[in-house]
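Please work through the following exercises with the sequence and the 3D view side by side. Each one sets a task and then solves it step by step.

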Amino acid sequence: MTFRFEVSGRRWQAVPAPALSRRHKDWLTRGGALTRHLSALGRVSVRVVAERVMPADADQCRAIGVPLRTPMWARDVILLVDDEPVVVAHSVTPLTYSRSIWQAMRRLRTRPLADLLYHDPTVTRSVLVSSPLGPRHLLHTRARRDACDPLVGTHPNARLWARRSVFLRHGAPLLVTEAFLPRFWRRLQATHRETVKD
């Protein structure tokens with residue numbers, strides 16, 4: 001099967017919006033494992049919110065090149081720093097690959113996905129793209145309901161800045177989307193202030 005990837009598209013851009021702060025641009029474009037970068041801010045842990053079969057939506061289909069409503073295996077997690085939720089993440093691959101090439105993602109439990117992606121030389125990654133997520137996006141719902149960020153709860157239409165990329169292993173795609181909570185940016189700013197004081 002040949003895949004035609006379109007990880008960018010209309011809403012997702014490889015170059016972050018010019019109006020964003022330097023910190024936003026930095027975190028939206030950082031390569032490598034997000035959990036490793038977060039560990040510089042404190043102790044990182046993973047809370048699994050859901051693992052399930054779901055149909056791919058049109059945006060996901062374009063991103064990894066599969067027909068509309070292809071059955072997907074999805075994993076939703078919250079990344080925490082010192083027990084504070086800071087990122088909500090959504091990973092999907094066609095269901096058939098979750099039983100073969102990407103079957104290890106079904107056994108991760110509370111280990112980060114990075115354990116699979118950055119220790120295997122056969123895995124390659126697309127460019128990182130970013131976009132603000134509106135209230136109808138799955139990760140926006142996760143932020144309101146499962147991560148309980150007060151700013152998202154108080155302002156349900158607040159945009160969440162997110163990034164995504166496609167990982168390939170033996171030709172099988174895995175789409176990973178990570179949305180930064182308002183709490184993350186506040187924590188980052190507080191950490192910066194403390195560093196400046198010292």
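**Exercise 1. Describe the surroundings of Ser-165.**

Solution. Begin with the position in the chain: Ser-165 lies in strand E6, which covers residues 160–169, where helices (H or I, at least four residues) and strands (E, at least two) are DSSP runs numbered from the N terminus. Before going further, note that this is a predicted model, in which local features need pLDDT of at least 70 and side-chain atom pairs count only at pLDDT 80 or more, while totals for chains, interfaces and linings use all residues. Residues are numbered from 1 along each chain as its sequence is written, and side-chain values use heavy atoms, with hydrogens and water left out.

Next, consider accessibility: Ser-165 has a relative accessible area of 1% and is therefore buried (buried means under 20% relative accessible area, exposed over 50%, and partly exposed in between, with a 1.4 Å probe and protein chains only). Then look for a polar partner, and you will find that the side chain of Ser-165 makes a polar contact of 2.9 Å with the side chain of Arg-125. A polar contact is a pair of N or O atoms within 3.5 Å; within protein, one must be able to donate a hydrogen and the other to accept it, and residues adjacent in sequence count only if both atoms are side-chain atoms. Finally, when residues up to four places away in sequence are not counted, Ser-165 touches residues including Val-7, Arg-125, Leu-128 and Val-176, a contact being heavy atoms within 4.5 Å.

**Exercise 2. Which residue's side chain does His-90 meet in a polar contact of 3.1 Å, and is His-90 buried or exposed?**

Solution. Locate His-90 in strand E3, residues 84–94. The relative accessibility of His-90 is 3%, so this residue counts as buried. The polar contact of 3.1 Å joins the side chain of His-90 to that of Gln-60. Beyond its neighbours within four places in sequence, His-90 is in contact with several residues, among them Arg-52, Asp-76, Leu-139 and Thr-177.

**Exercise 3. Trace the aromatic cluster that contains Trp-27.**

Solution. The structure holds 6 aromatic pairs, where rings of Phe, Tyr and Trp (its six-membered ring) pair if their centres lie within 6.5 Å, and planes under 30 degrees apart count as stacked, over 60 as edge-to-face and the rest as tilted. One of these pairs joins Trp-27 and Phe-184 edge-to-face, at 5.0 Å centre to centre and with 75° between the planes. This pair links distant parts of the chain, since Trp-27 belongs to helix H1 (residues 22–29) and Phe-184 to helix H8 (residues 182–197), 157 residues apart.

From Phe-184, go on to Trp-185: these two also form an edge-to-face pair, at 4.8 Å centre to centre and 75° between the planes, and both are buried. The whole cluster consists of Trp-27, Phe-180, Phe-184 and Trp-185.

**Exercise 4. Follow the salt bridges that involve Arg-142.**

Solution. As a general starting point, side chains of opposite charge can pair when their charged atoms come close. Here a salt bridge is a side-chain nitrogen of Lys or Arg within 4 Å of a carboxyl oxygen of Asp or Glu, and the structure holds 16 of them. In one, the side chains of Arg-142 and Asp-76 meet at 3.0 Å, N to O. Because Arg-142 lies in helix H6 and Asp-76 in strand E2, the pair ties together parts that are 66 residues apart in sequence.

Now check the accessibility of each partner: Arg-142 is buried at 8% relative accessibility, and Asp-76 is buried at 1%. Arg-142 also forms a salt bridge with Asp-146, the closest N and O atoms being 2.9 Å apart, and Asp-146 is partly exposed, with a relative accessible area of 22%. Putting the steps together, Arg-52, Asp-76, Arg-142, Arg-145 and Asp-146 are linked in a network of salt bridges.
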